[in-house]
Amino acid sequence: VRHYETLTVESVRVFLEQHDTLVNRLGSRSETWTVREVSDGNLNLVFLVQGPEGSVCVKQSLPHVRVDPQWRMPLDRTAFEAEWLRRVELTAPGCVPVFLLFDPVMFVLVMECLEGFVTFRQALGEGADAVGPSRMIGGFVARTAFFSSLPGRTLEEIMPNVSFFANNTTLMRITFDLVLSDPFYSHHRNHWLKELDQEVAVLQSDEAIARAMIRLQQRFLTCPQALLHGDLHSGSVMVRNGDVRVIDGEFSLYGPIGFDCGLYLANLVLAWAAARSGGRRAHLAEAMDVFWSGFRKDFLSLWQTHASGGDLFSEVTFSVYPSLLEAERERYIDGIFHDMTEFAAAEIVRRLIGYAQVADFDWLTGTVERADRQREALVFAGHLLREAPGSMAEFVGRLTG
Ligand code: SR1
Ligand code: MG
């Protein structure tokens, strides 16, 4: 009887040997394979295996948070990631690693190894192009959202998926707590540079911000618009010479489209705040604009070319009211924009004062300068929550001021 056990560099080899398709991919003599553990995320184990013929990436859930063994956790997250990967491969081909195998006993997901890729976060820190990947991610979110939502599909196609992903409650809980709750009150998981004490106190005692967060909590849990990645920060994007892949769909859920957009945008803002020069900041501001305008353009154009594909905003039903349909579509996109700016604010705040922070500021060795940069982002996020901007130009204008 097979049972779950945590993989090691040695047992990964034994695991892979049991699957002919993987053995064929790597090359038949397993003693020639090299196995490397490269886990660096908060939750899971990751191994890269190189054989004479090819390579694979092996990801396994642990029964706890990888970086905190006391924080116990069920294993099912790789099952949701596998399902997300299989669906997104169809709606956004070439944008994710190729799915190879999921083992529901060992909670192991095997996929294409992204050789030579680095995380977008690392690339951003090294001054790499941000505009090209942002255009691609705008298109990626548009396609994955459109083809998993009621504008693009029928209710019979969508509803079983909504209910399947509604079971990803463990990771929903993490997001609800770490992104949308803890940072906005006094919680033991929060931590920040003491130079930011005053800004944090202001943020946590502002009624308008509390009101915005209550709205966001509701949007996150009660608005299943589309299948989301659910954790679309710059560490979930891999890049290599203009090639871009989205990884780590374990947080996938049906939720508001602005959540994925907001997380991506927030991580550009964090990179902007940590940037090494004014020129670099201008480049990152351009990437923000390109991301949003790319998303908007692609989502609207999918609507035009698949006008009868879905149940909502159907040209079949409302063909005699073309201007009404157009106005309603604009309103839908405006709603995504509003959600995006507020979710972006929540992500900025949590990455600066919450449990899981980001490495973007690590190159700033002096705490005073680091705090100054973080303060800029924190104050900007507070402003977004108090008063939503009406356009991307206003969003970028407030930032670059
Ligand atoms: C306990 S998990 C902390 C964070 O890591 C993941 O990448 C998600 O961003 C989550 O919020
Ligand atoms: Mg991750």
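Which domains does the domain assignment of the protein give? In this predicted model, the assignment divides the protein into domain 1, spanning 9–112, and domain 2, spanning 118–400. The centres of domain 1 and domain 2, taken over C-alpha atoms, are separated by 27 Å. Where the two meet, 19 residues of domain 1 are in contact with 19 residues of domain 2, and the side of domain 1 that touches domain 2 is made up, by class, of 10 nonpolar, 4 polar and 5 charged residues.

A record offers another division of the chain: the UniProt annotation "domain: Aminoglycoside phosphotransferase", which comes from an unreviewed entry, covers residues 34–270. Over residues 34–270 the chain is 40% helix and 22% strand, and the C-alpha atoms at the ends of this stretch are 36 Å apart.

We can now turn to the sheets, beginning with the one that contains β1. Here 5 strands form an open sheet whose order is β1-β2-β3-β7-β6, and the pairing is antiparallel. The edge strands are β1, at 34–37, and β6, at 99–103, each of which pairs on one side only. From one strand to the next, the twist averages 20°. Helix α1, residues 9–17, packs on this sheet and touches β1, β2, β3 and β7, the last of these covering 108–112; the direction of helix α1 makes about 125° with that of β1. Helix α3, residues 77–91, also packs on the sheet, where it touches β3, β6 and β7, and its direction makes about 150° with that of β6.

The pairing in this sheet can be followed strand by strand from the β1 edge. Strands β1 and β2 run antiparallel and are joined by 4 bridges, and together they form a hairpin with 6 residues between them. Thr-34 has Gln-50 in β2 as its bridge partner, while the partner of Glu-37 in β2 is Phe-47. Phe-47 also leads on to the next strand, since its bridge partner in β3 is Val-58. Between strand β2, residues 44–50, and strand β3, residues 55–61, there are 7 bridges, and these strands again run antiparallel. Val-46 stands opposite Lys-59 in β3, and the hairpin that β2 and β3 form has 4 residues between the strands.

Another open sheet has 3 strands in the order β8-β10-β11, with antiparallel pairing. Because β8, at 118–119, and β11, at 243–246, stand at the edges and have a single partner strand each, one side of each is left without a neighbour in the sheet. Strand β10, residues 237–240, is joined to β11 by 4 bridges, and the two run antiparallel; within this pairing, Val-237 has Val-246 in β11 as its bridge partner.

With the domains and sheets in place, the remaining topic is the ligand. Where does ligand 1 lie with respect to domain 1 and domain 2? Both domain 1 (9–112) and domain 2 (118–400) give residues to the shell around ligand 1, and therefore the ligand lies between them. The residues around ligand 1 are Gly-41, Asn-42, Leu-43, Val-65, Ile-174, Leu-178, Asp-231 and Ala-356. Sorted by class, this shell has 5 nonpolar, 2 polar and 1 charged residues.

Definitions and conventions: Residues numbered from 1 in each chain as written. Chains lettered and ligands numbered in written order. Predicted model: local features only at pLDDT ≥ 70, side-chain atom pairs only at ≥ 80, totals over all residues. Near = placed C-beta within 6 Å. Nonpolar A, V, L, I, M, F, W, Y, C, P; charged D, E, K, R; others polar. Domains from an automatic or database assignment. Pairing = 2+ DSSP bridges. Axes fitted to C-alpha atoms, helices over the stretch in contact; angles between N-to-C directions. Contact = placed C-beta atoms within 7 Å. UniProt positions renumbered as here; feature names shortened; annotations may be inferred.
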